Each structure stands twice: as C-alpha cells, then as structure tokens.
Amino acid sequence: MPLTLEERQEFLAQPHIAAFSVSAGAGRGPLTVPIWYQYRPGAEVWVLTGPESQKMRLLREAGRFTLMVQQLEPTVRYVSVEGPVTRITPMTDEMHREMAARYLPAESVDGYLKAAEAFGEQVAVYLRPEHWLSADLGDLSKY
C-alpha cells in the first residue's frame with residue numbers, strides 16, 4: 001500500500017542509509033551506491049560527495065538522481081525519491097558535522113570528522129523531490 005505524502009516525508013527524514021542511483025549513460029545501468037543523506041519534510045534532499053568523484057561527474061551529465069531507503073522491521077517499507085539537482089555548494093564544517101551526527105553516536109562524531117579529513121574537498125548536492133514511489137508491505141513474517 002502506498003504511503004501518504006506525510007508518511008513518506010517522515011520516513012525519508014529518518015537516518016536510513018540510501019541507495020543512490022544516477023544514470024551512467026547509454027548502454028550502462030545506473031551507478032548505484034550506498035550513501036548518507038539529509039532531509040527534512042518539505043525541503044530538498046542533500047548528499048555529500050567529492051567534486052571530482054564518479055558520482056559527481058555522472059550527476060553533472062544527468063542533472064538528476066534517485067535515492068531509495070528501506071526498512072525490513074517491524075514492517076517492510078520503502079520510499080524512493082527522484083528529481084533534479086537544484087544546486088551544488090561547497091560542504092561546510094557545519095554541514096559535515098550535521099551529517100555525521102545524523103548517522104553516528106555522539107561520542108564518535110569528532111573522531112569520524114578528524115578521519116574524514118582524508119576524504120579531501122567535498123560538495124553538497126541538492127535534489128528537489130519530484131517523483132516519489134513508496135509502499136508499506138506489512139509484516140512479511142506472516143506469509
């Protein structure tokens with residue numbers, strides 16, 4: 001059963017690991033990789049990546065991407081959101097801390113941020129949700 005707009009926005013706002021997909025061009029399937037993301041209901045979704053990464057190169061070519069998040073318990077539920085890239089900005093220390101704090105225990109954030117300095121320059125890529133797919137398939141252990 002599809003989720004309502006409010007349900008899918010609330011679900012996407014939770015700190016799931018997303019499957020990030022972007023077209024890899026003619027004759028190839030999409031590039032699909034796990035990624036952290038940030039989202040607040042009614043706002044744009046954003047992800048962080050290197051400005052010279054394969055993801056970034058493909059994003060510049062395609063101009064849009066998809067994120068899909070899921071859970072298996074207590075029910076099988078997923079949300080997929082797709083849309084255009086609306087802007088690309090340099091990552092700030094505040095943004096990096098916000099993203100790390102979304103996914104890591106508080107006591108691990110500073111250590112992660114220190115280690116992540118090795119990643120080099122990062123940019124934030126924003127997506128405007130345009131197309132949604134969602135479902136709550138219920139408790140599949142009943143079957």
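## Contacts along the chain

Take the contacts in this protein between residues at least 6 apart in sequence: 70% of them join residues at least 24 apart. Please keep in mind as you look around that this is a predicted model.

The secondary structure behind those contacts comes to four helices and seven strands. Reading from the N terminus, the order of elements is α-β-β-β-α-β-β-α-α-β-β. The chain thus opens with a helix and ends on two strands.

## Overall dimensions and surface

How does the radius of gyration agree with that of a compact globule? For 143 residues, a compact globule would come out near 15 Å, and the protein has 16 Å, so the two agree. Along the principal axes, the C-alpha trace spans about 45 × 45 × 25 Å.

Of the 143 residues, 41% count as buried. The accessible surface comes to about 8200 Å², and carbon and sulfur atoms account for 54% of that area. As for charge, the protein carries 14 positive and 18 negative charges, and the mean positions of these two sets are 5 Å apart.

## The annotated domain

The UniProt record, an unreviewed entry, carries the annotation "domain: Pyridoxamine 5'-phosphate oxidase N-terminal" for residues 6-132. In the model, the end C-alpha atoms of this span lie 12 Å apart. Helix makes up 31% of the span and strand 35%.

## The N-terminal end

Methionine 1 sits in the segment that comes before α1 (5-13). Is this residue buried or exposed? Methionine 1 has a relative accessible area of 73%, and because the cut-off for exposed is over 50%, methionine 1 counts as exposed. Beyond its neighbours within four places in sequence, methionine 1 is in contact with Ser134, Ala135 and Asp136. Glutamine 122 is 121 residues away along the chain, and the C-alpha atoms of this pair are separated by 38 Å.

A little further on, arginine 8 has its place in helix α1. The relative accessibility of arginine 8 is 19%, and since buried means under 20%, arginine 8 counts as buried. Which residues does arginine 8 contact, leaving aside neighbours within four places in sequence? They are Leu3, Val79, Trp132 and Ser134. Ser134 is thus a contact of arginine 8 and of methionine 1.

## A cis peptide bond

As a general rule, most peptide bonds are trans. The bond from glutamate 73 to proline 74 is cis, with omega near 5°. Where along the chain is proline 74? Proline 74 lies in the loop between β4 (64-71) and β5 (76-90).

Glutamate 73 can also be placed relative to arginine 8: the two are 65 residues apart in sequence, and their C-alpha atoms are 16 Å apart in space.

## Strand β2 and the loop after it

Valine 33 is found in strand β2. At 24% relative accessibility, valine 33 counts as partly exposed, because that value falls between the 20% limit for buried and the 50% limit for exposed. Not counting residues up to four places away in sequence, valine 33 touches Ala18, Ala19, Phe20 and Lys55. Valine 81 is 48 residues from valine 33 along the chain, with 15 Å between their C-alpha atoms.

Tyrosine 37 is in the loop between β2 (31-35) and β3 (45-49). How is tyrosine 37 classed, as buried or exposed? Tyrosine 37 is buried, with a relative accessible area of 0%. The C-alpha atoms of tyrosine 37 and threonine 75 are separated by 22 Å, and the two residues are 38 apart along the chain.

Key: Residues are numbered from 1 along each chain as its sequence is written. This is a predicted model: local features need pLDDT of at least 70, side-chain atom pairs count only at pLDDT 80 or more; totals for chains, interfaces and linings use all residues. Side-chain values use heavy atoms; hydrogens and water are left out. The radius of gyration is taken over C-alpha atoms; the globule rule is 2.2 Å times the number of residues to the power 0.38. Buried means under 20% relative accessible area, exposed over 50%, partly exposed in between (1.4 Å probe, protein chains only). Contact means heavy atoms within 4.5 Å. Accessible areas come from the Shrake-Rupley method with a 1.4 Å probe; for residues, only the protein chains shown count as cover. Lys and Arg count as positive and Asp and Glu as negative; His and the chain ends are not counted. The place of a charge is taken as NZ of Lys, CZ of Arg, CG of Asp or CD of Glu. UniProt positions are given in the numbering used here, feature names are shortened, and annotations may be inferred rather than shown by experiment.
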